[in-house]
Protein chains: 2
Amino acid sequence: MPSPTATADLANQLRASVTRLARRLRYERADTALPLTHLATLGSLDRHGPLTPGELAHHERIQPPSMTRVLAALEGRGLVSRHPHPTDGRQVLVELTDAAHELLAEDRRRREAWLSTRLSELSAAERATLRAAAEIFDRLVRG
Amino acid sequence: MPSPTATADLANQLRASVTRLARRLRYERADTALPLTHLATLGSLDRHGPLTPGELAHHERIQPPSMTRVLAALEGRGLVSRHPHPTDGRQVLVELTDAAHELLAEDRRRREAWLSTRLSELSAAERATLRAAAEIFDRLVRG
DNA sequence: TCTAAGTCATTACCTTTGCTAACGAAACTG
DNA sequence: CAGTTTCGTTAGCAAAGGTAATGACTTAGA
């Protein structure tokens, strides 16, 4: 049974640390020139294949109108394309273009970026801790 | 020796997870009515004692003008006070008011908020993982 | 010593990126 | 086949960050 104040302290610490790291990460993405959410959206499409805007919004925990704007930006850059849904005329299927696949591959290849460098300076045990933490975060968010 | 692609994958995963959690946390702070950065700033002052705006900005990884705005808001709510620096006329010392100390204590006491609830549903081992991860995050950010 | 350059906080203005409300088209339901 | 629901979008707004410029003060150099 966890002490309530210990849990509250952890919540406090975690909130502060996660917030700072997220802010740092946001401003460390200069080389790709793509906002974090846009990159994450491409990542979702890469992992799951074509998805509808609604599904993407749910995945990234943003509201559908926000995803509409993300998709408009990505389509404008030629990174995704929208296609009519085969059975449901209301829905739309979004998929990656070849350019996006190249961008993702290139992004992964030359990811000598800030976070990777930092991570490689950690011990294997510390990296394992972070890997486990990321999984827990996803579970927390998924709720 | 860590495999480079494994490190890049971890970087990817961590970036996505941290971003989503930070976004969720930001929109989960309704009860205190204080933005995350404001709360974190009060926390820094609580931990370190009086600091200058520049030091606070560095701590929270935001630019000085942004911190000026945070401090203006906090001062407007009677949570911090500004005092002249004893030896350097350009600088300012910011410190917590009694009201802020009360707010922090109260905040800690009644933190039945989303994150605490979620955390208390985890196992002790998982909480330990998160505690360790938070520490590593701070080290990553501190550089 | 006194002028020039640098530093600190602030002000003014802009951008990014999320939100909610409202709407039109398409799909279900009874 | 009329009424309701769902999906994506549009429109408008708010939060929270950034950069550039300013003014007061300090430090360094001739």
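Reader: How far is a phosphate oxygen of DNA strand D from an N or O atom in the side chain of A:Arg23?
Author: This is a predicted model, in which local features need pLDDT of at least 70, side-chain atom pairs count only at pLDDT 80 or more, and totals for chains, interfaces and linings use all residues. Side-chain values use heavy atoms, without hydrogens and water, residues are numbered from 1 along each chain as its sequence is written, and chains are lettered from A and ligands numbered from 1 in the order in which they are written. A polar contact is a pair of N or O atoms within 3.5 Å. For A:Arg23 and the phosphate oxygen, the distance is 3.3 Å.

Reader: Which base atom of DNA strand D lies 3.0 Å from a polar side-chain atom of B:Arg69?
Author: B:Thr37 has a side-chain N or O atom 2.5 Å from a phosphate oxygen of strand D. B:Arg69 instead has a base as its partner, and the atom 3.0 Å away is a base oxygen.

Reader: How many residues surround DNA strand D?
Author: A residue is near the strand if one of its heavy atoms lies within 4 Å of it. The closest are A:Arg82, B:Thr37, B:Gln63, B:Ser66 and B:Gly89. The number surrounding the strand is 23.

Reader: What percentage of the atoms of DNA strand D within 4 Å of the protein belong to sugar or phosphate?
Author: These atoms divide into sugar or phosphate on one side and bases on the other. The sugar or phosphate share is 67%.

How values were computed
A polar contact is a pair of N or O atoms within 3.5 Å; within protein, one must be able to donate a hydrogen and the other to accept it, and residues adjacent in sequence count only if both atoms are side-chain atoms.
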